[in-house]
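This note sets out several points on the model for a colleague's consideration. Each point concerns one local feature.

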Amino acid sequence: MVTGGAGAIGRHICLALARSGFAVGVGYRGDSTRAQEVVDEINTEGGAARAVPAVLDDPDSVIPTIARMHAQLGPLGVLVNNAVAWPDNVEQAEPFYQTTMDWASLVRTNLEGTLAITRHCAQAMAHHHWGRIITVSTDLVDGSMQSDVSYIAAKGGMTAASRALAWELGPAGVTVNLVAPGLTAEKGATIAPHVVAELVEHTPLRRLVTAAEVAAAVAFLASENAGAITGHVLTVSGGH
C-alpha cells in the first residue's frame, strides 16, 4: 500500500513497485479519480493494482482497507508512507513564533496519523513474518535550509519513530526505513525560479532529483536485496 499514491512521487512509487512484481494498493484521500488513473496505468502494463482509501486524519479507516486489499491483492507486505498534509501557502509561511495557523493539527495528521496507519499495517506484516515499512521523509530534517516548523517536526518525529520501530519489528522479519528526498523537479516546477536556482547552486549534482529517482530508492528498500537494511535513512537529494 502506498499512501498518497496519486501524487507525483506517489505515482512513480506505485509504478516502480508494480514493475518489481508487487500488487499495489494506490492510497488516496477524497476523490479517487487520480488514483484510478494510476491503477489503470499499472493494469495496462500487466500489473495488479486497486485504488484504496488511506486517510491520515482518519487512520482507523485503514483497517477495512487492509482487509479488502488482502482479499483482492493478497497479504500486505509493503507500506509506503508517502501522504502528507501541507500548511497553506507553505512558501510564504509565517514564522512559527508568530503563526496563527493550526500547526498542531498538521503535526497530528502528519505524525500521529502516519504512526497509526503504520501500526495497523505492522500488525498484518508481523503476522506473516515479513514486511517492509518505508516512510518518505525529507532532507530538510537535518536543518539544511529553512522550512515550515510543524512539517519538519512531524517528519523528524517519523524518523525517530522509524528507528525505534526497526528494533521492535526486526525479530518479526519486518524492516523499517526512510527515504529522504530533496526538492524534486516536479515540485520545483511549481515554485519560484529564484528559489530553485539557489537550491541547485548548493547541490553537488547541480540539478533537482526526479520523482522516478525517489521511487527507485523506495523500490530498492522494498526488495529482497534490502533485507539486511533497517533503521536507515536513504537520502536522495543530489548531495544537497
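1. H129 is exposed in this predicted model, its relative accessible area being 58%. The residue belongs to the loop that joins α4 (103–128) to β4 (131–136). Its backbone also deserves attention: H129 is not a glycine, yet its phi is positive, at about 60°. Most residues other than glycine have a negative phi.

2. R206 likewise has a positive phi without being a glycine, with a value near 55°. The loop between α7 and α8 holds this residue. R206 has a relative accessibility of 48% and therefore counts as partly exposed, since the partly exposed class ends at 50%.

3. T203 is also placed in the loop between α7 and α8 (211–222). Is T203 buried or exposed? With a relative accessibility of 2%, T203 counts as buried, because the limit for that class is under 20%. Which residues does T203 touch, once its neighbours within four places in sequence are set aside? The contacts of T203 are then with S237, G238 and H240.

4. Helix α7 spans residues 193–201, and V196, L199 and V200 are buried within it. Viewed down the axis of α7, these buried residues fall within an arc of 100°, so they line one face of the helix. H194 and E198, on the other side of α7, are exposed. As for the partner of the buried face, the buried residues of α7 pack against α6 (185–188).

5. The second largest pocket has a volume of about 170 Å³. Its lining comprises 14 residues, and those nearest the centre of the pocket are M1, F22, A23, G77 and V78. Two elements, β1 (24–28) and α3 (62–73), each contribute at least two residues to this lining.

6. A further remark concerns the chemical character of that pocket. How many residues of each class does the lining of the second largest pocket have? Eleven are nonpolar and three are polar, while no charged residues are present in the lining.

7. For inspection of the model, the loop between α7 and α8 may be viewed with both of its residues discussed above: T203, which counts as buried at 2% relative accessibility, and R206, which counts as partly exposed at 48%. The preceding helix, α7, may be viewed down its axis, with V196, L199 and V200 as the buried residues and H194 and E198 as exposed residues on the other side.

Terms used:
Residues are numbered from 1 along each chain as its sequence is written. This is a predicted model: local features need pLDDT of at least 70, side-chain atom pairs count only at pLDDT 80 or more; totals for chains, interfaces and linings use all residues. Side-chain values use heavy atoms; hydrogens and water are left out. Buried means under 20% relative accessible area, exposed over 50%, partly exposed in between (1.4 Å probe, protein chains only). Helices (H or I, at least four residues) and strands (E, at least two) are DSSP runs, numbered from the N terminus. The arc is that of the directions from the helix axis to the C-beta atoms. Contact means heavy atoms within 4.5 Å. On a 1 Å grid over the protein atoms alone, a cavity is a set of points where a 1.4 Å probe fits but cannot get out, and a pocket is an open set with protein on both sides within 12 Å along at least five of seven lines; lining residues have an atom within 4 Å of a point. Grid points are joined across faces, edges and corners, and a volume is the space filled by probe spheres set on the points. Ala, Val, Leu, Ile, Met, Phe, Trp, Tyr, Cys and Pro count as nonpolar, Asp, Glu, Lys and Arg as charged, and the others, Gly among them, as polar.
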